[in-house]
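Me: I'm new to reading protein structures. Could you walk me through this one with some questions and answers?

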Amino acid sequence: LKGFAQRTTEKDGTTGLPNAIFAADMFAFHWFYVQEELNNEVFDGIKLSLFLSFLVLILATGNVIIATIAVACIISIVCSVLAFSVAMDWKTSV
């Protein structure tokens with residue numbers, strides 16, 4: 001590794017590379033998997049809640065068209081909230 005840093009420094013003219021190191025906690029990389037799973041669970045929960053709301057609306061109204069329009073409204077609200085959270089640089093995970 002030190003030889004690579006030395007060659008890159010000589011080739012590119014960068015001065016800080018030989019002193020640069022990569023440091024991480026021994027157990028830090030598992031957190032990336034946790035965040036990925038949390039994101040997957042968020043979207044799975046949204047899909048499940050939309051499906052269940054569609055079923056409840058069909059049972060409550062007895063009309064598939066009204067239930068579809070209502071679920072489309074819910075989808076637009078959820079998309080707006082997610083777009084706002086992305087615009088504010090908020091994360092869906094912890």
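**A friendly tour of the helices**

Reply: Happy to! Serine 85 is found in helix 3, which covers residues 64–87. Keep in mind as we go that this is a predicted model.

Me: Is serine 85 buried or exposed?

Reply: Let's start from the number: serine 85 has a relative accessible area of 12%. The cut-off for buried is under 20%. Serine 85 therefore counts as buried.

Me: Which backbone oxygen does the side chain of serine 85 reach?

Reply: Here we look for a polar contact, a pair of N or O atoms within 3.5 Å. The side chain of serine 85 has such a partner at 2.7 Å. That partner is the backbone oxygen of leucine 82.

Me: Which residues of helix 3 are buried?

Reply: We have already met one of them, since serine 85 is buried. The full list for helix 3 also holds an alanine and a valine. The buried residues are Ala67, Val71 and Ser85.

Me: How many ångströms apart are the end C-alpha atoms of helix 3, and what span should its residues give?

Reply: Helix 3 has 24 residues, and we reckon with 1.5 Å a residue. The expected span takes 1.5 Å times one less than the number of residues. That gives an expected 34 Å, and the end C-alpha atoms agree with it, being apart by 34 Å.

Me: Which residue caps the N-terminal end of helix 3?

Reply: The clue is a side-chain oxygen placed 3.1 Å from the backbone nitrogen of isoleucine 65. The residue that owns this oxygen, and so caps the N-terminal end of helix 3 within the 3.5 Å limit for a polar contact, is asparagine 63.

Me: What is the phi of aspartate 89, in the segment after helix 3?

Reply: Most residues other than glycine have a negative phi. Aspartate 89 is not a glycine, yet its phi is positive. Aspartate 89 is also exposed, with a relative accessible area of 57%. Its phi is near 65°.

Me: How many salt bridges does a search of the whole structure find, and which side chains meet?

Reply: Side chains of opposite charge can pair when their charged atoms come close. The search of the whole structure finds one salt bridge. Its N to O distance is 3.5 Å, which is within the 4 Å cut-off. The side chains that meet are those of lysine 47 and aspartate 44.

Me: Why are lysine 47 and aspartate 44 separated by about one helical turn?

Reply: Both residues belong to helix 2, which runs over residues 30–61. Lysine 47 is exposed at 54% relative accessible area, while aspartate 44 is partly exposed at 39%. The separation of about one helical turn follows because, along helix 2, they are three residues apart.

Me: How many disulfides are there?

Reply: A disulfide is a covalent bond between the sulfur atoms of two cysteines. Cysteine 73 is partly exposed at 42% relative accessibility, and cysteine 79 is partly exposed at 45%. To count, a pair of cysteine sulfur atoms must lie within 2.5 Å. By this rule, the number of disulfides is zero.

Me: What kind of aromatic pair do phenylalanine 84 and tryptophan 90 form?

Reply: The structure holds one aromatic pair. The ring centres of phenylalanine 84 and tryptophan 90 are 5.6 Å apart, with their planes at 85°. Planes over 60 degrees apart fall in one class, so this pair is edge-to-face.

Me: Which residues is serine 53 in contact with, leaving aside neighbours within four places in sequence?

Reply: Serine 53 is found in helix 2. With a relative accessible area of 18%, serine 53 is buried. Beyond those neighbours, its contacts are Val71 and Ile74.

Me: What separates the C-alpha atoms of leucine 57 and valine 71?

Reply: Leucine 57 lies in helix 2 and is partly exposed at 23% relative accessibility. Not counting residues up to four places away, leucine 57 touches Gly62, Ala67, Ala70 and Val71. Leucine 57 and valine 71 are 14 residues apart along the chain, and their C-alpha atoms are separated by 8.4 Å.

Me: What pattern does the protein chain follow along the sequence?

Reply: The protein chain has three helices and zero strands. Buried residues make up 10% of its 94 residues. Read along the sequence, the pattern is α-α-α.

Methods. Residues are numbered from 1 along each chain as its sequence is written. This is a predicted model: local features need pLDDT of at least 70, side-chain atom pairs count only at pLDDT 80 or more; totals for chains, interfaces and linings use all residues. Side-chain values use heavy atoms; hydrogens and water are left out. Helices (H or I, at least four residues) and strands (E, at least two) are DSSP runs, numbered from the N terminus. Buried means under 20% relative accessible area, exposed over 50%, partly exposed in between (1.4 Å probe, protein chains only). A polar contact is a pair of N or O atoms within 3.5 Å; within protein, one must be able to donate a hydrogen and the other to accept it, and residues adjacent in sequence count only if both atoms are side-chain atoms. Rings of Phe, Tyr and Trp (its six-membered ring) pair if their centres lie within 6.5 Å; planes under 30 degrees apart count as stacked, over 60 as edge-to-face and the rest as tilted. Contact means heavy atoms within 4.5 Å.
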